[in-house]
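I opened this model to look up its fold, its charged pairs, its ring contacts and one core position. My entries follow in the order of the look-ups.

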Amino acid sequence: LESMPCGGGSPLAHGLSLAIRTGLNTMKVKQDVGRVVIVCITDGRANIPLELSTENKFTPSSDPESKEGMPSRKFLKDEVLSCSK
């Protein structure tokens, strides 16, 4: 882990979304898959909104607490929690 690059922008919500989609698709295609487990190693700080990582834009009006066109911590936290449900 020490040699892995870290810091900067990590689209946590996007990563969780892709992992979930991959797991669900695997369960549909392969009937012999009993359980899918996602292991996520993270500092838990979301800093890139899902919209920005998928569409290369962020709509500040979607977050009333955004400042200078950037999403608030609450917005990012809620987005990640929503993806993980």
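The entries below go from the whole chain down to single residues.

**Entry 1: confidence.** I note at the start that this is a predicted model. I looked up the confidence and found a mean pLDDT of 84 for the chain, with 96% of the residues at 70 or above. Helix 1, residues 12–29, has the highest confidence at 88, and helix 2 has the lowest at a mean of 84. I keep in mind that predicted coordinates should not be read in detail where pLDDT is low.

**Entry 2: fold and dimensions.** I counted elements next: the chain has 3 helices and 0 strands. Read from the N terminus, their order is α-α-α. Is the chain a compact globule or more spread out? Its radius of gyration is 15 Å, while the globule rule gives 12 Å for 85 residues; the value is well over the rule, so I record the chain as more spread out than a compact globule. The C-alpha trace spans about 50 × 35 × 20 Å along the principal axes.

**Entry 3: surface and contacts.** I find 19% of the 85 residues counted as buried. The exposed area of the chain is about 6700 Å², and 55% of it comes from carbon and sulfur atoms. I also checked contacts with a separation of 6 or more: 58% of them join residues 24 or more positions apart.

**Entry 4: salt bridges.** How many salt bridges does a search of the whole structure find? I get 3. I took the one in helix 3 before the others: Asp 78 pairs with Lys 74, with 2.7 Å between the closest N and O atoms. Both residues belong to helix 3 (residues 73–84) and sit 4 residues apart, about one turn of the helix. Asp 78 is partly exposed, as its relative accessible area is 35%. Lys 74 is also listed as partly exposed, because its relative accessibility is 46%. Elsewhere, salt bridges with shared partners join Glu 51, Glu 55 and Lys 57 into one network. Within that network I read 3.7 Å, N to O, for Glu 51 with Lys 57, and 3.8 Å, N to O, for Glu 55 with Lys 57. Lys 57 counts as partly exposed, since its relative accessibility is 41%. Glu 55 has a relative accessible area of 48%, so I enter Glu 55 as partly exposed.

**Entry 5: aromatic rings.** The ring search returned 1 aromatic pair. Phe 58 and Phe 75 form this pair in an edge-to-face arrangement, with 5.6 Å from centre to centre and 70° between the planes. The pair links distant parts of the chain: Phe 58 is in the loop between helix 2 (50–55) and helix 3, Phe 75 is in helix 3, and 17 residues separate them. Is Phe 58 buried or exposed? I find 14% relative accessibility, so Phe 58 counts as buried.

**Entry 6: Val 80.** I then looked up Val 80, which is placed in helix 3. Its relative accessible area is 13%; the cut-off for buried is under 20%, so Val 80 is buried. Which residues does Val 80 contact, leaving aside its neighbours within four places in sequence? I list Leu 12, Ala 13, Leu 16 and Ala 46. I also took the C-alpha distance from Val 80 to Leu 50, which is 8.7 Å, with their positions 30 residues apart along the chain.

Key. Residues are numbered from 1 along each chain as its sequence is written. This is a predicted model: local features need pLDDT of at least 70, side-chain atom pairs count only at pLDDT 80 or more; totals for chains, interfaces and linings use all residues. Side-chain values use heavy atoms; hydrogens and water are left out. A salt bridge is a side-chain nitrogen of Lys or Arg within 4 Å of a carboxyl oxygen of Asp or Glu. Buried means under 20% relative accessible area, exposed over 50%, partly exposed in between (1.4 Å probe, protein chains only). Helices (H or I, at least four residues) and strands (E, at least two) are DSSP runs, numbered from the N terminus. Rings of Phe, Tyr and Trp (its six-membered ring) pair if their centres lie within 6.5 Å; planes under 30 degrees apart count as stacked, over 60 as edge-to-face and the rest as tilted. Contact means heavy atoms within 4.5 Å. pLDDT is the predictor's confidence in each residue, from 0 to 100. The radius of gyration is taken over C-alpha atoms; the globule rule is 2.2 Å times the number of residues to the power 0.38. Accessible areas come from the Shrake-Rupley method with a 1.4 Å probe; for residues, only the protein chains shown count as cover.
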